[in-house]
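Let's walk through this one by looking at how its chains meet, and then at what the cysteines are up to. Keep the structure open beside you as you read.

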Amino acid sequence: MMILPLFVVIPLGGAFLLSLIGKLDKRINDALANIATFSLLVLSVFAIRYPLAGKVLVYKVGGWKPPIGICMVLDGLTSFMLVTTNLVSCLVAIYSISYMERYTDKYRFYTLFLLMLAGMNGVIVTGDLFNLFVFLEIASVASYALVAFGTEAEELEASFKYTIMSSVASSFILLGIALLYSFSSTLNMADMAWVLAQRNSSLLLYFVAVLFIMGFGLKAAIVPFHAWLPDAHPSAPASISAMLSGVVIKVLGVYTLIRIFFNLFPINKTSLSVLMFLGTVSILAGVILALSQWDFKRLLAYHSISQIGYIILGIGLGTPLGITGALFHLFNHSVFKSLLFLNSGAVVYALGTRNLQEMGGLKERMPLTANTSLVASMSISGIPPFNGFWSKLWIILACMQSGRILYAFWAVIGSILTLASFMKVQKYAFWGKLKKQWESVKEVPWPMQLAMLVLAVICILSGFLVAPFFSAFIDSAVKVILSGQGYAHTVFKMLR
Amino acid sequence: MSIYILCLVLFCIGLYCVLRKRNIIKIIIGLGIVEYAVNLFFVLIGYQRYGRAPILAKEQKILNMVDPLPQALVLTAIVIGLAVTVFMVAIAIRLYEKYGTFDITKIKRLKG
Amino acid sequence: MENKKEPGMTLIVKTITRLTVGLILLYGIYIVLHGHLTPGGGFAGGVIIALSFVHLMLAFGRETALKKLSQTKASILESLGALMFLSVALLGFLGGFFFFNFFAQKGTPFDLFSAGIIPLCNIAICLKVGAGLFAIFVALILFKNLKKKE
């Protein structure tokens with residue numbers, strides 16, 4: 001029971017301690033941040049066993065009984081998202097040990113990093129709608145500052161753009177929460193689901209759904225709201241790009257969308273088909289825009305839009321197979337996209353350039369980076385033994401199963417274009433002839449290598465997540481989503 | 001009812017300011033207007049006619065009070081708004097250092 | 001404009017500031033300590049306390065205010081406030097719950113010493129907000145000076 005608040009307490013405590021004593025010694029920074037993220041990973045893996053045993057944990061903060069007090073809920077979906085988030089953040093923290101040496105003020109970086117992590121864990125764990133908004137804002141404000149961390153002209157510009165758009169999105173979300181509060185006079189998510197299930201659906205709910213699609217859709221960078229992502233994600237330091245593309249858009253955007261549209265609102269065919277349509281548009285728009293990029297990190301950022309499209313498409317289908325595929329793809333994407341961003345960071349660390357045309361033949365000089373990026377590229381473009389293939393297959397099969405042949409077709413087209421785009425990356429960056437000016441390039445230091453290697457291994461292994469023995473992990477999350485407003489029943493049953 | 005619509009009008013004015021203005025500072029002010037429109041709306045939801053401030057003092061009955069919850073929530077939202085505004089002002093100062101202008105149409109090194 | 005050597009504003013402003021700044025600080029502290037009884041609390045009181053330092057800085061110039069509370073001290077206080085808030089929340093585990101109000105029963109209601117951990121939380125928030133707001137103000141001013149040098 002006690003572990004739930006720890007997901008917020010550990011990163012928050014780490015962040016404030018670092019801002020207090022981080023100035024004294026560099027080693028304290030690294031040690032403290034890594035201990036915090038690693039203990040979070042251990043805790044989140046430890047927490048898997050509750051949903052697997054069919055249990056739902058509900059924690060009453062301050063001993064106040066919901067719906068009056070705030071509660072924290074640990075169910076299948078929560079535990080799934082916690083594992084994804086903390087896995088990536090732990091490896092990114094290891095990577096940052098040597099990558100962030102290039103920047104000044106490392107302790108500020110770790111403080112902001114842990115604050116962002118606290119915000120994300122809070123969003124996942126909480127069971128209260130306004131509390132979710134507060135944690136969402138903590139994570140967002142920390143990420144605005146992290147995007148501008150280098151304080152170069154481009155980074156400031158990207159951060160400004162990101163801040164403006166994301167703050168407007170937050171206002172939409174707050175407006176939606178206000179309307180929901182006026183409609184149901186409660187803020188607890190389980191209680192609200194209960195109230196909404198008893199009332200007839202009204203026009204107000206449609207309006208709130210539109211506000212939430214705009215708000216959370218902008219945080220998730222679905223296509224009409226994607227303009228900030230290709231600027232903001234490449235501008236951040238590579239380890240933060242990995243966090244932003246890997247988990248932040250998923251936790252702040254996709255997870256909240258799932259929670260609200262499945263567990264809070266009555267499941268609604270119209271809003272799901274809107275999500276499905278937007279997802280497909282994202283797949284195509286993201287990948288087509290990515291094709292013409294020569295900036296390594298910008299190309300990866302455009303692919304994030306496209307891959308988020310797959311997840312949204314799978315969720316919009318609303319069938320068990322589609323949701324399984326979507327969650328599976330969510331996990332896989334967070335692994336291989338963060339790996340790709342870490343690769344790009346390694347290349348920038350060694351070469352100092354992000355332009356693909358200036359690279360070439362790095363396979364000889366940086367074998368580990370080249371090989372891990374090959375694994376990640378094959379995963380993202382869906383080559384059979386790797387994890388990306390299985391999750392895309394699941395989503396496309398789900399499209400076929402529910403009779404949406406056209407959507408399946410566009411998803412396949414998107415996958416082929418992704419393959420083309422990553423062939424370009426591999427050809428220009430890692431294969432071919434080594435250019436003269438890069439002959440003295442060395443492989444990056446060991447913490448960076450370790451993080452990339454572990455992520456590559458996970459890329460290969462996580463293909464088994466839908467295999468019969470391991471699938472219980474995802475299935476428990478899918479069960480929560482499909483239970484719809486049964487979420488309220490499970491939470492209230494635990495409280496009694 | 002008309003009071004809620006006026007809130008939405010204020011929201012739209014702020015949104016217009018964010019989208020149409022070219023000066024960075026004006027954009028930040030527009031964002032402030034958007035945030036305050038939402039906050040005002042939230043407070044008005046909890047209001048009732050002839051309501052009292054929801055403070056429990058000695059020997060006082062709980063009678064005719066407005067809903068205190070939106071006020072607490074709005075206070076939190078205002079604090080968040082403060083953080084975002086301060087951050088954006090700092091960014092605007094730095095942008096002015098780098099580009100020498102507050103005009104958003106001239107600040108465009110990122111493309112594609 | 002006349003007194004270029006002496007930083008800050010004119011004599012009138014300085015005299016008035018000398019008289020009022022203590023009162024403003026006291027009022028801020030009052031609001032923080034009575035946060036659980038009257039309107040106000042940690043955030044509002046913290047802002048008023050920060051404003052008293054900002055007032056000092058506007059009237060007497062940067063150095064005088066920074067001598068009273070330097071930027072490093074402000075950031076240390078800020079972190080301490082946050083840590084204090086977190087540890088008060090963690091102490092709630094003694095009563096079995098995170099953020100549990102573990103000595104709410106002590107003291108009579110509507111007294112200064114009542115309401116359990118709420119005054120403690122108010123003090124922590126006041127430290128965080130006051131020091132943080134002052135640090136923000138100083139940081140924005142330092143930006144301005146940086147630009148003038150160039």
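Across the interface of chain C and chain A, the count of salt bridges comes to zero. Bear in mind that this is a predicted model. Polar contacts aren't plentiful in the count either: one residue pair between chain C and chain A qualifies, with both residues at pLDDT 80 or more. On the side of chain C that touches chain A, the largest share comes from helix H4 of chain C, residues 71-91, which puts in nine residues. Sort that side of chain C by class and you get eleven nonpolar residues, four polar and one charged.

How many residues does each chain bring to this contact? Chain C gives 16 and chain A gives 15. Putting chain C and chain A together buries about 1,300 Å², and carbon and sulfur atoms account for 78% of that area.

Now swing over to where chain B meets chain A. Here 37 residues of chain B are in contact with 34 residues of chain A. The buried area between chain B and chain A is about 3,200 Å², with 80% of it from carbon and sulfur atoms. Salt bridges between chain B and chain A again number zero, while four residue pairs are in polar contact across that interface, both partners at pLDDT 80 or more.

Which helices of chain B build its side of the interface with chain A? Helix H1 (2-20), helix H2 (24-45) and helix H3 (68-99) of chain B each supply at least two residues. H3(B) gives the most, with 14 residues on the side of chain B that touches chain A. By class, this side of chain B holds 27 nonpolar residues, three polar ones and seven charged ones.

That leaves the cysteines. Over all chains, the disulfide count is zero. Take A:Cys71, which is in no disulfide: its nearest cysteine sulfur belongs to C:Cys121 and sits 20 Å away, against a cut-off of 2.5 Å. A:Cys71 counts as buried because its relative accessibility is 1%, and the limit for buried is under 20%.

B:Cys12 isn't in a disulfide either; the nearest cysteine sulfur, that of B:Cys7, is 11 Å away. Is B:Cys12 buried or exposed? Neither, quite: B:Cys12 is partly exposed, because its relative accessible area is 48% and exposed would take over 50%.

Terms used: Residues numbered from 1 in each chain as written. Chains lettered and ligands numbered in written order. Predicted model: local features only at pLDDT ≥ 70, side-chain atom pairs only at ≥ 80, totals over all residues. Heavy atoms only, no water. Contact = heavy atoms within 4.5 Å. Buried area = accessible area lost by both parts, 1.4 Å probe. Salt bridge = Lys/Arg side-chain N within 4 Å of Asp/Glu carboxyl O. Polar contact = N/O pair within 3.5 Å; in protein donor to acceptor, adjacent residues only side chain to side chain. Helix = DSSP H or I, 4+ residues; strand = E, 2+ residues; numbered from the N terminus. Nonpolar A, V, L, I, M, F, W, Y, C, P; charged D, E, K, R; others polar. Buried < 20%, exposed > 50% of the residue type's maximum accessible area, 1.4 Å probe, protein only.
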